[in-house]
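User: I have a chain to study and would like to work through it by question and answer. Please show it first.

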Amino acid sequence: MVESTVALDSVFHALSDATRRAILRDVSREAKTVGEIAGPYSMSLAAVSKHLQVLERAELVRREKKGNYRFVWLNADTLRAAQEWLAYYETFWTGQLDALQNYLETAETPGEDVRNGNSGTGTEEG
């Protein structure tokens, strides 16, 4: 359990940065060299390399040397643990919203204030 928690923490840390998310999206389409990845960003090659190191430590990308180039690929399997973690909360919130919708639909009258039982007429009895 500790190992999977550490791995999940590493994935969410890597995903917390917009540049790293953009890099993942970019390499999800096709493998790219570090230079190709760095192209659209106004940062040094060293800075892009640091982002890639974070992604590699989280096992979200893998690098392979082919000739004089190092290619970077998306490792989508690692995202599965994060997706499963998020899916639990999606189910939770869907259930909560469905219960709220059901509650609101079963209110007796359309003008009834379901928060405190007043009819919304502005008059109070008693």
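User: How many salt bridges does the structure hold?
Analyst: This is a predicted model. A salt bridge here needs a side-chain nitrogen of Lys or Arg within 4 Å of a carboxyl oxygen of Asp or Glu. One of the pairs is Arg80 with Asp77, at 3.7 Å from N to O. For the structure, the number of salt bridges is four.

User: Which residues are linked in a network of salt bridges?
Analyst: Start with Asp26. Its side chain meets that of Arg29 at 3.9 Å, N to O. The side chain of Lys32 also meets that of Asp26, at 3.0 Å, N to O. The linked residues are therefore Asp26, Arg29 and Lys32.

User: About how many helical turns separate Asp26 and Arg29?
Analyst: Both residues are in helix α2. They are three residues apart there. That spacing comes to about one helical turn.

User: Is Asp26 buried or exposed?
Analyst: Buried means under 20% relative accessible area. Asp26 has 13%. Lys32 is in the buried class too. Asp26 therefore counts as buried.

User: Is Arg29 buried or exposed?
Analyst: The cut-off for exposed is over 50%. Arg29 has a relative accessible area of 60%. So Arg29 is exposed.

User: In the pair Arg80 and Asp77, which class does Arg80 fall into?
Analyst: Asp77 has a relative accessible area of 51%, so Asp77 is exposed. Arg80 has 48%. Partly exposed covers values between 20% and 50%. Arg80 is therefore partly exposed.

User: In what order do the elements of the chain run from the N terminus on?
Analyst: The chain has five helices and three strands. Read them from the N terminus on. The order is α-α-β-α-α-β-β-α.

User: What is the order of the strands in the open sheet?
Analyst: The sheet has three strands, with antiparallel pairing. β1 (32–33) and β2 stand at the edges, because each has a single partner strand. One side of each is thus left without a neighbour in the sheet. The order is β1-β3-β2.

User: Over how many bridges do β2 and β3 pair?
Analyst: Strand β2 covers residues 61–66, and strand β3 covers residues 69–74. They pair in the antiparallel sense. One bridge joins Lys66 to Tyr69 in β3. The number of bridges is six.

User: Which residue in the turn of the hairpin has a positive phi?
Analyst: β2 and β3 form a hairpin with two residues between them. Phi is about 65° at one residue in the turn. That residue is Gly67.

User: Which residue has a positive phi although it is not a glycine?
Analyst: Most residues other than glycine have a negative phi. One in the loop between α4 and β2 has a positive value. Its phi is about 60°. The residue is Glu59.

User: At what angle does helix α2 run to β3?
Analyst: Helix α2 covers residues 18–29. It lies across β1, β2 and β3. Helix α4 (residues 45–57) lies across β2 and β3, at about 115° to β2. For α2 and β3, the angle is about 100°.

User: What separation do the C-alpha atoms of Phe71 and Val27 have?
Analyst: Phe71 is found in strand β3. At 22% relative accessibility, Phe71 counts as partly exposed. Leaving aside neighbours within four places in sequence, its contacts include Ala31, Lys32 and Thr33. Phe71 and Val27 are 44 residues apart along the chain, but their C-alpha atoms are separated by 9.5 Å.

User: About how much area does the nonpolar surface patch have?
Analyst: The patch is made by Trp85, Leu86, Tyr88, Tyr89, Phe92 and Trp93. Among them, Tyr88 is in helix α5 (residues 79–105). Tyr88 counts as exposed, at 53% relative accessibility. The area of the patch is about 670 Å².

User: What share of the residues of the chain count as buried?
Analyst: The accessible surface of the chain comes to about 9300 Å². Carbon and sulfur atoms hold 51% of that surface. The chain has 126 residues. Of these, the buried share is 21%.

Terms used:
Residues are numbered from 1 along each chain as its sequence is written. This is a predicted model: local features need pLDDT of at least 70, side-chain atom pairs count only at pLDDT 80 or more; totals for chains, interfaces and linings use all residues. Side-chain values use heavy atoms; hydrogens and water are left out. Patches are made of residues with over 30% relative accessible area and no salt bridge: like charges are joined within 9 Å, nonpolar side chains (Val, Leu, Ile, Met, Phe, Trp, Tyr) within 5 Å. Accessible areas come from the Shrake-Rupley method with a 1.4 Å probe; for residues, only the protein chains shown count as cover. Helices (H or I, at least four residues) and strands (E, at least two) are DSSP runs, numbered from the N terminus. Buried means under 20% relative accessible area, exposed over 50%, partly exposed in between (1.4 Å probe, protein chains only). Two strands pair if DSSP finds at least two bridges between them. Contact means heavy atoms within 4.5 Å. Axes are lines fitted to C-alpha atoms, for helices over the stretch in contact, and angles run from 0 to 180 degrees between N-to-C directions.
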